[in-house]
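Let's walk through this protein chain together, one piece at a time. Keep the picture beside you as you read.

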Amino acid sequence: MRIYIKSNDGHGIKLWFPTSLLKSKFVLNYIIKLNSNKEDINIDIEPLMESLPIIYKNLKKYIKEQGHFTLLEVSSGGNEVLIKI
């Protein structure tokens, strides 16, 4: 996964995260931590934890068959954000 952020003053950031990060314990623990800190948001985390490895497997299959794709592209006032998978 690649994240590009470009501001209207010409500066930008390019970040690269491995797609396998979706199924890592780090991400799952972070989601659990965020959920436990919010009293007004009540999300059942178990279905998400069970489905992330399945989502990752199908995402890899899709990328193999169809190639990489743009998940999000936003431009506003000269600022740009692009997320490619």
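Helix H2 has a kink of about 35 degrees at Ser-51, shortly before the proline Pro-53; the bend at a residue is the angle between axes fitted to the seven residues ending there and the seven starting there. This is a predicted model, where local features need pLDDT of at least 70 and side-chain atom pairs count only at pLDDT 80 or more, while totals for chains, interfaces and linings use all residues. Residues are numbered from 1 along each chain as its sequence is written, and side-chain values use heavy atoms, leaving out hydrogens and water.

H2 covers residues 45-66. Helices (H or I, at least four residues) and strands (E, at least two) are DSSP runs, numbered from the N terminus. The buried residues of H2 (under 20% relative accessible area with a 1.4 Å probe, protein chains only) are Ile-45, Leu-52, Tyr-56, Leu-59 and Ile-63. After H2 comes Gly-67, with a positive phi near 95 degrees.

Now turn to the sheet. Its 4 strands form an open sheet in the order S2-S1-S4-S3, with antiparallel pairing. The edge strands, S2 (12-16) and S3 (70-76), each pair on one side only. Two strands count as paired if DSSP finds at least two bridges between them. Strand S1 (residues 2-6) is joined to S2 by 5 bridges, and Ile-5 has Ile-13 in S2 as its bridge partner.

At the other edge, S3 pairs with S4 (residues 79-84) over 6 bridges, and Thr-70 stands opposite Lys-84 in S4. Their hairpin has 2 residues between the strands, and Gly-77 takes a positive phi near 60 degrees there. S3 is hardly covered: 0 of its 7 residues are buried.

Conventions. Expected span 1.5 Å × (residues − 1). Buried < 20%, exposed > 50% of the residue type's maximum accessible area, 1.4 Å probe, protein only.
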